[in-house]
Amino acid sequence: MSISRRKFLGWMSAAGTGALLPKHLGAATTVDFSGYPDSMGVLHDIVRCIGCRRCEAACNAVNELPAPAEPFDDLKVLERKRRSSAGVYTVVNRYGAPPTADSAPLSGASPAYVKKQCNHCLEPACASACFVKAFTKTPEGAVIYDAKVCVGCRYCMIACPFEIPAYEYDNPLTPEVTKCTMCHPRIVEGLLPGCVEACPTEALIYGKREDLLAMARRRIGKHPDQYVEHIYGEREMGGTNWLYLAGEPFENLGLRTDLGTTSAPKLTSGALGAVPIVVGLWPVLLTGVYAMNKRKEKLAAEAQAAAVAAAESAAAQTLTEAKEKAAADQKAALEKLKGEHEKAVAEAVEKAVSDALAEAAAKADSPADAADGDGDATPDGETGAAPDVKPTSDEEDA
Amino acid sequence: MSEMVHPEDNKRFSRFNIVAGAIVVMGLILTVLRFTKGLGPVSNLSDYNPWGIWIGFDLLVGVALAAGGYVTSAAVYLFGMKRYHAAVRPAILTGFLGYALVVLALHYDVGRPWRLPYPFIVQPGTTSLLFEVGACVALYLTVLFIEFSPAPMEWLGLKKARAIVVKLTILLTIFGVVLSTLHQSSLGALFLIAPSKLHPLWYSSYLPVYFFITSVIAGLSMVIFESTLSHQYFAHKMDAEHLAEKDTLPLGFGKAAAFVLAGYFMIKVVGIAADNNWHYLATGYGAWFLVELLGFVALPAFLYAVGVREKNVRLIRWTAGLTVLGVVVNRFNVSMVAFNYHLPAADRYFPSWMEIGISVFIVTIGIIAYRFIVTRMPILYAHPDYDAH
Ligand code: SF4
Ligand code: SF4
Ligand code: SF4
């Protein structure tokens with residue numbers, strides 16, 4: 001009446017092979033990519049940043065972005081935490097109490113200002129997640145976006161661990177993802193990124209990533225009292241081209257330190273590696289299961305035939321009785337069988353006999369076969385002459 | 001049989017027509033708003049919360065609950081459970097409608113829906129799990145359409161075409177199971193890329209496995225659930241085979257669901273142990289996690305088992321409802337409740353009434369289409385011309 005335990009377990013193990021095996025199969029379908037060696041980056045020395053927002057203004061200008069709600073010299077916006085948003089590639093946030101008249105930059109009493117923008121990951125989550133490859137990691141280091149193919153699924157925004165890409169939700173027809181480009185168009189022209197050029201305190205330094213890392217290490221080594229010993233972006237999520245130095249733990253500065261060092265593509269490579277396994281194994285397994293059940297049905301049909309032959313000799317006595325039985329409500333037969341898992345052989349044969357006789361006697365009389373069997377001994381009419389033909393099950397047997 | 005109209009059904013359906021009509025009108029207005037004003041004005045989606053209920057409900061729940069199609073056809077055609085044959089057509093129909101509505105809902109959600117084919121015709125992003133989801137859903141929708149096509153063909157009298165399709169049954173079923181395994185699990189794998197955003201109790205490298213297994217659970221339970229509703233509202237459309245299934249189907253599918261739920265419960269516990277997440281259970285999220293695990297996994301597993309043992313079909317039907325609700329809760333948790341758990345409350349997502357309105361609208365379209373089809377095509381009964389063979 002229901003799935004036998006053995007069948008269920010077989011089924012589950014078949015499912016398990018498909019779903020679990022590939023977990024160990026690594027990056028079968030993902031490109032193993034660990035960044036361009038000579039790529040460029042920016043080092044943001046938070047200790048030097050004075051929160052003047054000139055980088056924001058420069059970014060807005062060089063990228064020809066829409067005018068902001070509040071002017072860039074309005075420092076009151078620092079009172080709340082902001083993030084990149086549609087048409088705003090970068091924001092500066094303040095951490096700690098606002099400065100008082102006597103607190104000067106670098107005095108240790110001042111708050112910290114942190115510039116936020118795309119970190120241009122070595123192995124970007126956004127690029128790995130995009131199903132139209134709208135993001136490209138350029139050899140120069142920038143991660144750039146191509147609005148011409150973007151569908152607007154916003155999976156890149158789900159994927160980015162730094163919560164950078166923003167979406168033009170208010171644009172009904174041509175909405176785009178917006179994010180910092182590291183000023184890639186300027187870089188290829190030999191210019192500095194707009195924000196770097198505008199920074200009055202050299203809190204932003206543009207250079208080769210390797211050189212920036214060396215510079216950052218030197219600074220930490222020279223001023224261990226001013227810097228924490230951590231270059232943010234060296235390893236986070238597999239490393240980024242935008243790097244940070246700070247005077248206090250990064251988790252106090254809105255930069256998560258619990259991201260780990262595993263790059264985004266590696267997080268999904270196991271699941272992607274599963275695809276060829278499922279595609280390869282499932283059809284084989286399922287065809288096997290199908291063939292097994294088919295054979296079981298065939299054996300059942302043969303058993304039925306044998307039972308019919310054996311019963312024929314005794315048919316004369318039982319024919320009348322059998323006819324009455326067959327005419328009885330189908331539901332009665334169903335009730336009788338309900339829940340019965342392993343039927344006694346004798347009972348099965350008796351049922352088969354009565355069914356077969358009923359068929360012989362009143363062919364095509366009963367549309368549904370109550371004793372439709374599976375796993376139990378009752379054979380059913382998979383013999384071609386069966387009356388329980390349904391629109392889709394018989395032809396494939398032919 | 002198909003021509004009979006029951007008077008009390010007429011009354012009931014006219015009430016249905018009024019409610020459905022109102023929802024459709026609202027849906028059409030919201031549709032116009034969505035495509036003229038953009039996503040912003042109709043939704044509460046934000047830069048922190050790019051996915052809302054159109055993904056969490058319409059995509060994730062929709063695909064999971066439409067799993068009845070592949071689960072039933074695999075059980076009947078591949079695993080030899082022929083006695084549930086009558087359940088295949090309604091399950092394939094709801095599967096097909098479910099997937100069609102998922103694709104429809106995506107047109108509301110993505111920014112430029114007319115570009116939805118781009119990943120396949122312009123530039124495939126094969127490193128993306130979403131690409132896998134998209135490819136499999138597109139292919140599977142086609143498979144479901146072909147699997148479903150014999151019904152309209154019988155209705156329209158296209159005997160030759162029908163004969164060809166019916167010959168493909170086994171092939172289509174295997175293809176459907178492969179595609180379903182892939183995309184059901186990939187929907188869970190979508191979140192693998194964001195370990196820092198999804199609460200550790202829900203984030204697990206087993207996410208794809210969890211999603212696949214829950215899709216089987218959802219499929220089994222939905223078939224029971226739907227058959228309950230069909231027996232209530234469309235009994236006059238049914239032939240003897242369907243009517244006879246009224247009690248046998250819940251028993252068989254309920255038993256299977258009890259086993260799968262029990263297995264799922266165990267691997268969920270293994271998942272917590274593997275990541276050593278026990279200490280999170282003492283937090284608020286932990287309490288909610290336990291509600292999901294105990295109330296919507298362990299409890300239905302137990303109730304199914306009791307229902308099957310005592311042949312209590314009523315209990316099984318109610319349990320099916322509870323289980324379906326549990327799958328909804330799970331998908332909501334992964335995509336919304338436990339997603340962005342690290343953000344302050346002000347940056348969290350709650351759907352706007354218009355987002356909910358569009359989701360309701362889409363579900364309503366599905367019910368209308370289902371009703372249209374089962375009252376005309378041979379879904380709940382075998383077509384007389386194809387019956388005796
Ligand atoms: S920070 Fe985010 S948007 Fe920028 S490259 Fe990395 S993943 Fe992409
Ligand atoms: S929103 Fe655009 S860029 Fe982002 S993942 Fe989707 S298609 Fe790619
Ligand atoms: S690199 Fe260019 S785009 Fe990025 S924040 Fe600086 S100015 Fe803006």
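**The A–B interface and the shell of ligand 1**

Let me begin with the area buried between chain A and chain B, which is about 8,300 Å², with carbon and sulfur atoms giving 64% of it; buried area here is the accessible area (1.4 Å probe) that two parts lose on being put together, summed over both. On the side of chain A, F131(A), I158(A) and Y169(A) lose the most area to chain B, together 9% of what that side buries.

Please keep in mind that this is a predicted model, in which local features need pLDDT of at least 70 and side-chain atom pairs count only at pLDDT 80 or more, while totals for chains, interfaces and linings use all residues. Residues are numbered from 1 along each chain as its sequence is written, chains are lettered from A and ligands numbered from 1 in the order in which they are written, and side-chain values use heavy atoms, with hydrogens and water left out.

Counted by contact (heavy atoms within 4.5 Å), 82 residues of chain A meet 90 residues of chain B. There are 2 salt bridges between the two chains, where a side-chain nitrogen of Lys or Arg lies within 4 Å of a carboxyl oxygen of Asp or Glu, and one of them joins K82(B) to E297(A) at 3.1 Å, N to O.

Which residues, finally, are around ligand 1? They are C118(A), N119(A), H120(A), C121(A), P124(A), A125(A), C126(A), V143(A), C160(A), F162(A), P165(A) and K179(A), a residue being near a molecule if one of its heavy atoms lies within 4 Å of it.
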